[in-house]
Amino acid sequence: MKYTSKVFNQMKHKSRIACMWRAWAIYLVLAANLSEEQVLKQACPSADATELCNCSSMGLDFVPQGLTGKIRVLNLAHNRIKHIRSQDLQQAVNLRTLLLQSNKISSIDEDSFLSLGKLELLDLSNNSLAHLSPAWFEHLFSLQHLHLQGNSYRDLGESSPFSSLRNLSSLHLGNPWFSTIRQGNFEGIELLDKLWIDGASLSQYEPGSLKSIKKINYMIMNIRSTNLFSAIVSDLLHSVEWLEVRHIKLETAETILVQNSTLPFRLRKLTFKDSSVTDEYISGILVLLKEIISLQELEAIDCELQGKGLWNMEEITRSGQSFIQTILIVNVTIKNFHLFTDLEGIESQVTNLKSLTIASSRVFMVPCSLARYFSSLLYLDFHDNLLVNNRLNETVCKDAWPSLQTLNLSQNSLKSLRQTAISVTRLPKLVNLDISQNNFGDIPDVCEWPKTLKYLNLSSTQLPKLTTCIPPTLEILDVSANSLREFGLQLPFLRELYLSRNQLKALPGAASIPSLVAMSVRRNKLNGFSREEFESFKAMELLDASDNNFICSCEFLAFIHHEARIAQVLVGWPDRYICDSPLAVRGAQVGAVHLSLMECHRSLVVSLICVLAFLAVLVLVGLSRKYHAVWYLRMTWAWLQAKRKPKRAPAKDICYDAFVSYSENDSDWVENIMVRQLEQACPPFRLCLHKRDFVPGKWIVDNIIDSIEKSHKTLFVLSEHFVRSEWCKYELDFSHFRLFDENNDAAILVLLEPIQSKAIPKRFCKLRKIMNTKTYLEWPPEEEKQEMFWENLKGALKS
C-alpha cells in the first residue's frame, strides 16, 4: 500500500512538472508572437488605425497582423514579403487598393483574396510569381485595375485567369520571360480601357487569342517578333482604337496584314515607339495600312529609319490614296541622313493629310514641289528642327500648303522676323503661327502678315521692344520671355496677352487693348497695380500677375482687400502673390498683410495728433482758467522765492512807512484822498504805491515783495473789488499773505465798504483769518466821522 502511494505521488509530481513545461512553452510562443506584433506595430503603426495604411519600404517579411475593416488603402510595396497567406487579409473586407509590387512574392494561397470583394486595384508587379491562378481573382468582383507585369511566369496558363473579372478596366501583363499567349487566355474580359503586354520574348501567339476582348481603347504592346506582329494586328483590328507598338524591328515586308478580317474595323491610331524600320518595310507597310480603312493617325516616336528613302513609289502609288489624316514623327533619326532622297513620288499619298508633325528630327526644308501637294493640310508642326530663313522661303513657296491654318516653327534657326513674315504671307488661310524660341533679336517697324492671322507666338525670341510690325488683326499674342519694358500697341481685337518673364513695371494701358479677356504678366518687375488700372480692363476675366516683387503699400493693400473680384480674376491667388517690401512683411502673402493706421496714414495721424494736442492745450488752458491753476503755480513760485528771503529786512533798509495794497477800482479813493491826507500830514507819511514806486522792468511779484520788505507797515484797502480783482491782483494778495506769517502786527486793514465773509473767495484764507482775529478800520461815509478815521489810521501807522 505504501509502495502504491509512493508510485502515485511520483507520477503526480512528474505530471505536474510536464504541465509546467507545457505552460512555459505556450507562454514563450505567445510572448514571441506578442513581441512580433509589437515590433510590427512599431514598424507599421498605421496598420490598424486609419483608412490609409502605408507600410512601404519597411523591410517587412510578412503582411502585418491586425488589419481591420477600417482600411481602404494598404501599401506594402518595396518590402521582402515572399508569401501571402489565407488569413493575412481576411479582416480587410473594405479594402479598395492593395499595393504589393516590388516584393519577393513567389506564392499566394488560393483563398488569400477571398474577402476582398470591394477591391478595385491590385498591384502584384515585379515579384516572383511563376504562374497565375484563376482562384486568386475568383472573388474580386469589383476589381478594375490589375498589374501583373515583371514576374517570372512564361504564360497565362491553359485557360483564362481573368474570367471572373467582369469590371476590369486596365490590365498590365508580361515580363522578360513571357513567351506564350493561347486562345482562351482572355476569356471573360469584354471591355478594357487599357491593355499593356510586355512581350519582348513573345514567340508563340495562337491566332484569335485577343479576339475575345470586344473593345480596347488603348493597347501598348512591347514585341520584337515581326512574324507575330501581323497576326496580333489582325486580331485587334475590330477591338483596339489606339495601338502602340514598342521595341519592334520592322525589316522584311509583310505580304498581308488584313487577314480573314471583315468590316467594320475599329483601329483608328497606330503608334510605333522605340522601334526601327527599313526602306523595304516602309514600302510594304504604306501599302498594307491602306487596307485598314479606319486608320486615321500614324505616329513614330523615338524611332530609327535604316535606309535612304528609296521606297517603291510605283507600288505605293498603284495602291491608291491613303486614308490617314494625321501623321506625327518625333525624334526620328535617319542613319544615313546625308544620303536620304527627297521622296519624289510620294505626292499622291499626302493629298488627304490634315495634320503633319515632324519634330526633333533635323528637318531643314520641304521641297516646294512636294509642299504644293499638301492641299488638305490644316496643321503643320516643324518645331525643334533646322529650318533657316532661306530654306523656309523654299518650304513655304507660292501655292504650297494652300489650306494651312496652323504653323509651328518654334525652336528652329530663324533669324529675320521680316523675312519670316514675308514667307508666311504666302499662306492665305493661316490663323495660328508659332515662331517662338528663334533668335530674332530685333524687330522691324513694319511687317507684312497674312490678313487672317489671329494667334502669334513670339516668346523667347530676344525682342527688346514691340513695334507696329505686330499685326493688328491678332486675338492672341504671346511675347513672353523677352526683354520688354513697356507695352503700348494698338490691338483692338486682342483677347489674350501673354507678357510673362519680361521687364514690365506696370500693367499695359487698357485703352489700346479694349477687348482683352485674359492677360499674364507673371515674373515681371511689377510693384503693384491700382484700382483704376484693374477696373480699366472692362472685359478682363483672368489676370496672372503672380511671382512679381510687390510693394505692399497702403493703397495697393486697400485695393486688394476691398476688391470683390480679386479671387475670381487673379490666377494663382493667394499663394503666388508675395510681398517684397516693406521689410517687416517680406515673404508674406499679399492678401494676408494688414498695415497699421500709422503706416498707412502717417500725415493724417500726425495732423490728428497735433489737433488733439492743440485741443488738449485749449482744454487745459480752460480748466486752468476756471480753477486758477496758473495763479496757483505762479503763487507757489512766489511763495518759494519769499521763503528764501530773510523774514525781516534790516532797519537801515526801511524806506516807507507803509506799502499800500489796493484794487485798481479803488485807486481814486487811495490816490486822491488817502495819499493826500497821509503824505501832507505833519509829520508826513511816506507811502509806497505800485503805480508810482515799483521798479520798471522788474517782475511784479518781486516788486511787491521788495516793497513790503522795505515798508514799516502794510496797508490793505479792502473792498468788493479787492477780493474779485484780476490774476495780477491775486499775485499781489498772495504776497501780502506770505508776510502775515512773519508779523501779523505789520498789517493794517482799512475796510472801504462792508464785505460779507462768504463773498471772500476761498483762496483768501489768510484774509478770512485776519478779519476774524484782528481789528480793522472802517471808512465812514459821514464827514463828521472821517476826521476820527484819519487820526486812528495815523496812530496805527506810527505804532
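**Notebook: helix H3, aromatic rings, overall counts**

I started with helix H3, residues 279-288, and found it mostly covered, with 8 of its 10 residues buried. The model I am reading is predicted.

I listed the buried residues of H3: Asp279, Tyr281, Ile282, Ser283, Gly284, Ile285, Val287 and Leu288.

Next I looked up what covers them. The cover on the buried residues of H3 includes two helices, H2 (226-236) and H4 (313-318). It also includes strands E14 (249-250), E16 (276-278) and E18 (304-306).

I then turned to the aromatic rings. I noted 22 aromatic pairs in the structure. I checked Trp136 with Phe137: the ring centres lie 6.0 Å apart and the planes stand at 80°, so I entered the pair as edge-to-face. The cut-off for that label is an angle over 60 degrees. Both Trp136 and Phe137 are buried.

I also found one aromatic cluster, formed by Phe529, Phe534, Phe550, Phe556, Phe559, Trp573 and Tyr577.

One charge went into the notes as well. Lys269 has its charged end over the ring of Trp242, at 3.7 Å from the ring centre.

Last, I took down values for the whole protein. I have 20 helices and 36 strands as its secondary structure. The protein has 799 residues, and 46% of them count as buried. Its accessible surface is about 40800 Å², and carbon and sulfur atoms hold 54% of that. For contacts between residues at least 6 apart in sequence, I noted that 62% join residues at least 24 apart.

How values were computed: Residues are numbered from 1 along each chain as its sequence is written. This is a predicted model: local features need pLDDT of at least 70, side-chain atom pairs count only at pLDDT 80 or more; totals for chains, interfaces and linings use all residues. Side-chain values use heavy atoms; hydrogens and water are left out. Helices (H or I, at least four residues) and strands (E, at least two) are DSSP runs, numbered from the N terminus. Buried means under 20% relative accessible area, exposed over 50%, partly exposed in between (1.4 Å probe, protein chains only). Contact means heavy atoms within 4.5 Å. Accessible areas come from the Shrake-Rupley method with a 1.4 Å probe; for residues, only the protein chains shown count as cover. Rings of Phe, Tyr and Trp (its six-membered ring) pair if their centres lie within 6.5 Å; planes under 30 degrees apart count as stacked, over 60 as edge-to-face and the rest as tilted. A charge sits over a ring if NZ of Lys or CZ of Arg is within 6 Å of the ring centre and within 35 degrees of the ring normal.
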